[in-house]
Amino acid sequence: MCQVEEDYNGLECNQEKITVPTLNRKCMKCKEGTAVLIIRVNDAFCRSCFKEYFIHKFRAMLGKNRVIFPQEKVLLAVSGGTASCSMLSQVQEGLSREAPKKLRFVPGIIYIDDGGACGRSAEERQRSNALLKSIFTETGFTYFIVSLEQVFSLPTSVLVPGTSDPDPSNPSYKQAVDQYIKEKQTLTEENVASAVAQLNIEDSAYSPEHKLALERLFSSMKTLTAKEDMLQTLRSHLILHIARENGYSKVMMGDSCSRLAVKLLSNIALGRGAALASDTGFSDPRYGDVVIVRPMRDYSSKEIAFYSRMFNVPSVFISGLDTKTHDKASIQRLTESFVTNLQFDFPSTVSTIYRTSEKLHTVMPPQSQTAEPASKCLLCLCTLDTKVDCTAEYCLST
Amino acid sequence: MVTSMRRSFNATLKCQPEMFPRVRKRGGAELLFDGVKNHHVTLPGQSDPWDMKQLLAWIRGNMLKERPELFMQGDTVRPGILVLINDADWELMGELEYQLQDQDNIVFISTLHGG
């Protein structure tokens, strides 16, 4: 099935693909509207049923997992792409409902401008920052636009996991909740909006030394695989720092099902097998005080692209490190090509990988007598999967 | 892209008038077309109706500025590129066999990282 020479044009291997080329096919849900798209293998939906389905899935994902508490501050990591912008629009949609089922958390938005690592010019970066700023201002949420160069001014505390004690008697958490409730009672809605607007940070300024340091760092890496991995790490640290600094206890990432399937397989190839559950699961508790959640993990790229197009979700396309690169440029790129091509002929590929990933759990190291916490990797903050001495605390990945 | 073929307003069985579909690119696909997102194209008239397969071949030959392998794979679009015909999934319209109508709106959306 997975041979290198196999012809992916679908001539030999389209047993699973069913094409029913009928115009005016009816929606499978309401049976009335004309279907406008097919998702999964053969489910045809009309426009309104698709919208309902999309919105419901988001709410169900949050409701099923119950990790976001009322009044909690949640940072939305937006890259400008369709998935994270769709996530943003779902959050807006969820917060705007009058019904008791309204989402009850306080969102903030963060965008990391990684143009310095990807080789974009200053004008291009300013242009995309401006476009994103206008999108963020529309939402009315607090936003942070931070350039990747800022990562060089982070304190070393970002490399230390915070306390993971979810005990409500934890003073700082309880204090934050009490303080928020008090603030809410004194401020009216307009005051809150204006107070929040003043908190927006656009810290896209960076010093030339940092810019040079970033360029040197990325040019010192020989492979695109290493660069992509490093970019991911630096981005995570920066997001973590901003979240901690501003009291956000959750970060929402816009990784879709398709992207996570690719990430799962690439991470295995990169030697990150032990951390798969945290890297691709719904919630990622490795940082302790800040939990990463992935509410878009149930959506395929197709669903997100269609929703984005049909319901005019504003997004900005920003070139990344691997834009226009060939298939074998990096491990991540090759895996993406492999999974996408396989998905074309076997439409259940991505969902099978996704379902498998749901069954993964992190193995807890056996409780030791000394109650010493397990050593963590310096860069990704996952538990070390290898026994090394104190001088080399990096896990196996590139 | 107007050829010298005569335009026929009587639309006899043999001769098709020129067609003017609109072709749009999203999601990064525009990078392969000099960054231009919207194209209003005129297809030369021909005896048989234009179908998507021919349109794609025409796009490859006339519009694609670079890296054709990032847009097409064989006769069809590369997996990961979605095609919408008049805002509906092309899978519902017969994919490559769909016959183009005048003023059709075709959108290509890339869902992939690399372009």
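How many disulfides does a search of the whole structure find over all chains? In this predicted model, the search returns zero. The pair formed by Cys46(A) and Cys49(A) illustrates the result, because the sulfur of Cys46(A) lies 3.5 Å from the closest cysteine sulfur, that of Cys49(A), which is too far for a bond, given that a disulfide requires two cysteine sulfur atoms within 2.5 Å. Cys49(A) is accordingly in no disulfide. Both residues are nevertheless shielded in the model, since Cys46(A) counts as buried at 6% relative accessibility, and Cys49(A) counts as buried at 7%.

Burial was also examined in helix H13 of chain A, which spans residues 349-358 and in which Thr349(A), Val350(A), Ile353(A), Tyr354(A) and Ser357(A) are buried. Viewed down the axis of H13(A), these buried residues fall within an arc of 130°, and they therefore line one face of the helix. Such a pattern can be understood from the geometry of an α-helix, which has 3.6 residues a turn, so that residues three or four places apart point the same way. The partners against which the buried residues of H13(A) pack are helices H1 (47-65), H9 (257-269), H10 (276-280) and H12 (331-345) of chain A.

Between the two chains, the contact draws 34 residues from chain A and 33 residues from chain B, and the area buried between them is about 2800 Å², of which carbon and sulfur atoms give 57%. Four salt bridges are counted between chain B and chain A, and the side chains of Arg309(A) and Asp87(B) meet in a salt bridge with an N to O distance of 3.3 Å. On the side of chain B that touches chain A, the elements that give two or more residues are strands E1 (22-26), E5 (81-85), E6 (88-89) and E7 (105-110).

Methods:
Residues numbered from 1 in each chain as written. Chains lettered and ligands numbered in written order. Predicted model: local features only at pLDDT ≥ 70, side-chain atom pairs only at ≥ 80, totals over all residues. Heavy atoms only, no water. Buried < 20%, exposed > 50% of the residue type's maximum accessible area, 1.4 Å probe, protein only. Helix = DSSP H or I, 4+ residues; strand = E, 2+ residues; numbered from the N terminus. Arc of directions from axis to C-beta. Contact = heavy atoms within 4.5 Å. Buried area = accessible area lost by both parts, 1.4 Å probe.
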